[in-house]
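User: I am beginning to study protein structure and would like to go through one model step by step. Could you show it to me, so that I may put my questions to you?

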Amino acid sequence: MIETNIGASGWPIQKIRHEIAQNLPVAGIFGFEIVDIDRDGCTILIPESSSVLRPGGTVAGPVLFAAADVGCYALALAVRGASTAATVDLIVHFLRPADQLPLVARTSPIRFGRRMATFETVVTAQGSPKRQLARATATWMVGT
C-alpha cells in the first residue's frame, strides 16, 4: 500500500501514527505498529512481546480487541480525518487460540456513511493469512 495522503479529508500515515501514539496509549503498551493504510484497509502488526500474552502462552483476548479498535480508528483518520471518531460497538469472535507471534490485524471498511462507519477486522498469524484467529465487526461514529 502507498504511504501517502489518503484523500482531501484523510490523514497521511505519519500523522495517523502520531495521533495514535499520543492519544491511544494501549497501542504503545501492546507495541502495535501500523504497517500500512489506504482507503481499502489498515494493517497492524502485533509484535512478539510478553505484554500481550496470557497464562499458557496465548495472546490475550483484550489485545485482539484493542488491535481491531485501533485499526478502525486509524481507518477513520485515514478516510475522514475524524479525530473525534468513537466506537459505538465492537464484537469479536475468537476462532482459534492465538499462540504464534507476530500477528497481523487487517481492518477493512464495510461501509462509510455520513455519520457512521462499519468495519471488519481479521486477525491472523504473520505468514498464515488464511488461518483466521479472530474476526471482529465494529461500528464507529465518524461524523457530527
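Analyst: This is a predicted model. A search of the whole structure finds two salt bridges, and these offer a starting point.

User: Which residue meets Arg106 in a salt bridge?

Analyst: Arg106 lies in strand 4, and its partner lies in strand 1, 70 residues apart from it. The two side chains come to 3.9 Å, N to O, and a salt bridge requires a distance within 4 Å. The partner is Asp36.

User: Is Asp36 buried or exposed?

Analyst: A residue counts as buried when its relative accessible area is under 20%. Asp36 has a value of 16%, so the residue is buried. By the same scale, Arg106 at 23% counts as partly exposed. The answer for Asp36 is therefore buried.

User: What is the N to O distance in the salt bridge between Arg135 and Glu120?

Analyst: Side chains of opposite charge can pair when their charged atoms come close. Arg135 lies in strand 6 and Glu120 in strand 5, so the pair ties together parts that are 15 residues apart in sequence. Arg135 is partly exposed at 27% relative accessibility, and Glu120 is partly exposed at 26%. The N to O distance in this salt bridge is 2.3 Å.

User: In what order do the six strands of the open sheet lie?

Analyst: Strands of a sheet pair through backbone hydrogen bonds, either parallel or antiparallel. Here the pairing is antiparallel. Strand 1 (33-38) and strand 3 (86-94) are the edge strands, each pairing on one side only, and the twist averages 20° from one strand to the next. The order is 1-2-4-5-6-3.

User: Over how many bridges do strand 4 and strand 5 pair?

Analyst: Strand 4 covers residues 103-112 and strand 5 covers residues 116-125, and the two pair in the antiparallel sense. Within this pairing, Leu103 stands opposite Ala125 in strand 5. The number of bridges is nine.

User: With which side chain does the side chain of Thr107 make a polar contact?

Analyst: Thr107 lies in strand 4 and is buried, with a relative accessible area of 0%. Leaving aside residues up to four places away in sequence, Thr107 touches several others, including Ala68, Gly71, Cys72 and Leu75. The polar contact of its side chain, at 2.8 Å, is with the side chain of Thr121.

User: How far apart in space are Thr43 and Ser108, C-alpha to C-alpha?

Analyst: Thr43 is found in strand 2 and counts as buried at 13% relative accessibility. The side chain of Thr43 makes a polar contact with that of Arg106 at 2.9 Å. Thr43 and Ser108 are 65 residues apart in sequence, while their C-alpha atoms are 8.9 Å apart.

User: At about what angle does helix 3 run to strand 4?

Analyst: Helix 3 (residues 61-80) lies across strand 1, strand 2, strand 3, strand 4, strand 5 and strand 6. This helix is mostly covered, with 15 of its 20 residues buried. The angle to strand 4 is about 50°.

User: How far apart are the end C-alpha atoms of helix 3?

Analyst: The expected span is 1.5 Å times one less than the number of residues. For the 20 residues of helix 3, this gives 28 Å. The helix is followed by Gly81, whose phi is positive, near 65°. The end C-alpha atoms of helix 3 agree with the expected span, being apart by 29 Å.

Notes
Residues are numbered from 1 along each chain as its sequence is written. This is a predicted model: local features need pLDDT of at least 70, side-chain atom pairs count only at pLDDT 80 or more; totals for chains, interfaces and linings use all residues. Side-chain values use heavy atoms; hydrogens and water are left out. Two strands pair if DSSP finds at least two bridges between them. Helices (H or I, at least four residues) and strands (E, at least two) are DSSP runs, numbered from the N terminus. Axes are lines fitted to C-alpha atoms, for helices over the stretch in contact, and angles run from 0 to 180 degrees between N-to-C directions. Contact means heavy atoms within 4.5 Å. Buried means under 20% relative accessible area, exposed over 50%, partly exposed in between (1.4 Å probe, protein chains only). A polar contact is a pair of N or O atoms within 3.5 Å; within protein, one must be able to donate a hydrogen and the other to accept it, and residues adjacent in sequence count only if both atoms are side-chain atoms.
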